[in-house]
Amino acid sequence: MSSVSHQGFTHLGLDVSKDWIAVAALAPDRDRATVQKIFHDEVSVRRLIGRFDDRSKLWACYEAGPTGYDLYRLLVGMGVRCDLIAPSLIPKRRGDRVKTDKRDARHLAGLHRAGQLTPIGVPSPAQEAVRDLCRTRGDMVEDLTRARNRLTKFLLRHSVVWRDGSNWTFKHQRWLAGLRFDDQALAATFAHYRATVELRDNSLAAIEEDLAPYCDRAPFGDQVHHLAAYRGVTRMGGLCMAAEVFDWRRFPAARSFMSFTGLVPSENSTGLSEHRGNITHAGNRHLRAQLVEAAWAYQHRPHVGAGIAARHDGLAPEVIAGAWAAQVRLSTRFRKHAARKNVRSVVAAAIARELAGFLWAEMTADSIAP
């Protein structure tokens with residue numbers, strides 16, 4: 001079986017690892033692919049493609065993964081059509097318990113010819129570079145959170161508890177600086193934990209300083225300004241979202257974009273039985289984290305503070321109106337759901353899902369350059 005749009009091509013299913021590529025070549029007049037293994041370098045790939053007479057009749061595919069996009073760009077640069085496949089959306093036979101590189105390559109080639117694989121968007125090298133820097137910032141935020149938690153848990157074990165407001169404010173940090181321990185080992189432990197927190201703080205500040213110029217540069221500048229019009233989305237958060245998505249129009253509807261974020265509920269329904277569970281977590285975790293973080297801002301009543309007003313400066317009236325409409329709806333829904341549910345993180349996930357829909361609508365409007 002083959003998809004009409006895939007007929008006439010020789011399909012190359014590539015199972016790619018760090019050192020080797022298993023290549024399954026499925027010719028148009030064949031039902032079974034021939035498989036070989038080549039070394040994973042540019043010379044070997046060029047030698048492989050050189051064996052085919054007409055490169056325009058080749059259509060390659062491989063799973064997106066840790067090997068990145070260099071192979072994709074090499075093949076496209078050689079005139080070979082190529083798709084990067086979403087691994088989580090590859091059909092799998094439940095009873096098939098044998099997995100090898102060659103079987104996987106043959107499986108990819110067959111499914112690709114049948115049109116049953118879902119390709120993903122591929123960023124340009126410049127977009128990928130900014131995305132990597134944004135993800136580094138995310139790693140630094142996680143490291144800072146861990147360092148802070150270690151310090152506070154250490155203090156809690158020794159009955160030293162801050163009770164005068166939120167943690168990590170200037171007042172809290174002045175209190176930390178004034179703490180003293182009589183035992184030399186405890187004092188040294190406290191000093192090391194504090195030094196680690198300061199190091200993580202400085203690392204995060206340095207990365208954000210490197211990222212700041214990209215908030216106003218193409219191709220992300222226009223997207224960042226529109227995203228930051230929405231409450232909870234800072235300019236830095238908008239840049240991280242734009243770098244993860246890069247092409248908002250590849251999602252035909254808000255629902256498909258919500259699925260990409262992994263914020264939609266799982267479902268196991270059959271016949272008259274209907275059951276929805278936790279969110280799928282099946283999408284882009286970096287984007288999901290940004291959306292959930294932004295969603296917490298809607299637990300408060302609608303309000304345009306100095307920060308949001310500054311981000312609205314220079315934007316079109318319809319963009320500001322859309323951001324206000326989203327804030328009114330999401331703030332109302334957050335308080336309404338929070339009154340009925342015991343777990344506020346569940347409410348934040350639901351609000352993040354709706355926020356994703358608002359942002360998709362904003363970024364696919366005619367006022368945004370594609």
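An open sheet of five strands, in the order S3-S2-S1-S4-S5 and with mixed pairing, is a good place to begin. Strand S3 (34-39) and S5 stand at its edges with a single partner strand each, so one side of each has no neighbour in the sheet. Averaged over the sheet, and with direction ignored, neighbouring strands are turned by 25° against each other. Please keep in mind that this is a predicted model. Let's take it one topic at a time.

**The whole chain**

- The protein chain has 13 helices and seven strands.
- Its C-alpha trace spans about 75 × 55 × 50 Å along the principal axes.
- Of the 370 residues in the protein chain, 38% are buried.
- What share of the contacts with a separation of 6 or more comes from residues 24 or more positions apart? The share in this protein chain is 62%.

**Inside the sheet: S1 and S4**

- Strand S1 (residues 10-16) runs parallel to S4, and five bridges join the two.
- To find one of these pairings in the structure, look for Gly13, whose bridge partner in S4 is Cys61.
- Helix H1 (residues 42-50) packs on the sheet, where H1 touches S1, strand S2 (20-26), S3 and S4.
- The direction of H1 makes about 150° with that of S3.

**At the edge of the sheet: S4 and S5**

- Strand S4 (residues 58-63) also pairs with S5 in the parallel sense, over five bridges.
- Here Ala60 stands opposite Cys82 in S5.
- How does the chain get from S4 to S5? The chain passes through helix H2 (residues 70-77), and this β-α-β crossover is right-handed.
- Is strand S5 (residues 81-85) largely enclosed or largely open? Four of its five residues are buried, so S5 is largely enclosed by the rest of the structure.
- While you look at these strands, remember a general pattern: in a regular strand, side chains alternate between the two faces of the sheet.

**A pair of helices: H12 and H13**

- Two packed helices are described by the angle between their axes and by the distance between those axes.
- Helix H12 (residues 317-338) packs against helix H13 (residues 344-363) at an angle of about 160°, and the axes are 10 Å apart.
- Angles over 145 degrees count as roughly antiparallel, and H12 and H13 are therefore roughly antiparallel to each other.
- The crossing in which H12 passes H13 is right-handed.
- On the H12 side, the residues that meet H13 include Val319, Ala326, Leu330 and Phe334.
- On the H13 side, the residues that meet H12 include Val347, Ile351, Leu355 and Phe358.
- Charged-looking names turn up in the list as well, so try finding them yourself: Arg329 and Arg333 in H12 are among those that meet H13, and Glu354 and Glu362 in H13 are among those that meet H12.

**Residues with notable backbone geometry**

- A cis peptide bond, with omega about 5°, joins Ala218 and Pro219.
- Pro219 lies in the loop between helix H6 (184-211) and helix H7 (221-227).
- Trp168 has a positive phi, near 65°, although Trp168 is a residue other than glycine.
- This Trp168 sits in the loop between H4 and helix H5 (170-177).
- Is Trp168 buried or exposed? Its relative accessible area is 18%, and buried means under 20%, so Trp168 is buried.
- His281 is not a glycine either, and its phi is positive at about 55°.
- You will find His281 in the loop between strand S7 (276-279) and helix H10 (285-295).
- With 49% relative accessibility, His281 counts as partly exposed.

**Two more residues to look up**

- Gln7 belongs to the segment before S1.
- Gln7 counts as partly exposed, at 47% relative accessibility.
- Where does the chain bring Gln7 and Ala114, which are 107 residues apart along the chain? Their C-alpha atoms are separated by 9.0 Å.
- Glu128 has its place in helix H4 (residues 125-157).
- With a relative accessible area of 17%, Glu128 is buried.
- Leaving aside residues up to four places away in sequence, Glu128 touches Tyr69, Arg73 and Pro123.

How values were computed. Residues numbered from 1 in each chain as written. Predicted model: local features only at pLDDT ≥ 70, side-chain atom pairs only at ≥ 80, totals over all residues. Heavy atoms only, no water. Buried < 20%, exposed > 50% of the residue type's maximum accessible area, 1.4 Å probe, protein only. Pairing = 2+ DSSP bridges. Right-handed = clockwise from strand over helix to strand, strands pointing away. Axes fitted to C-alpha atoms, helices over the stretch in contact; angles between N-to-C directions. Parallel < 35°, antiparallel > 145°, perpendicular 65-115°, else oblique. Left-handed = near helix turned anticlockwise from the far one by under 90°. Contact = heavy atoms within 4.5 Å.
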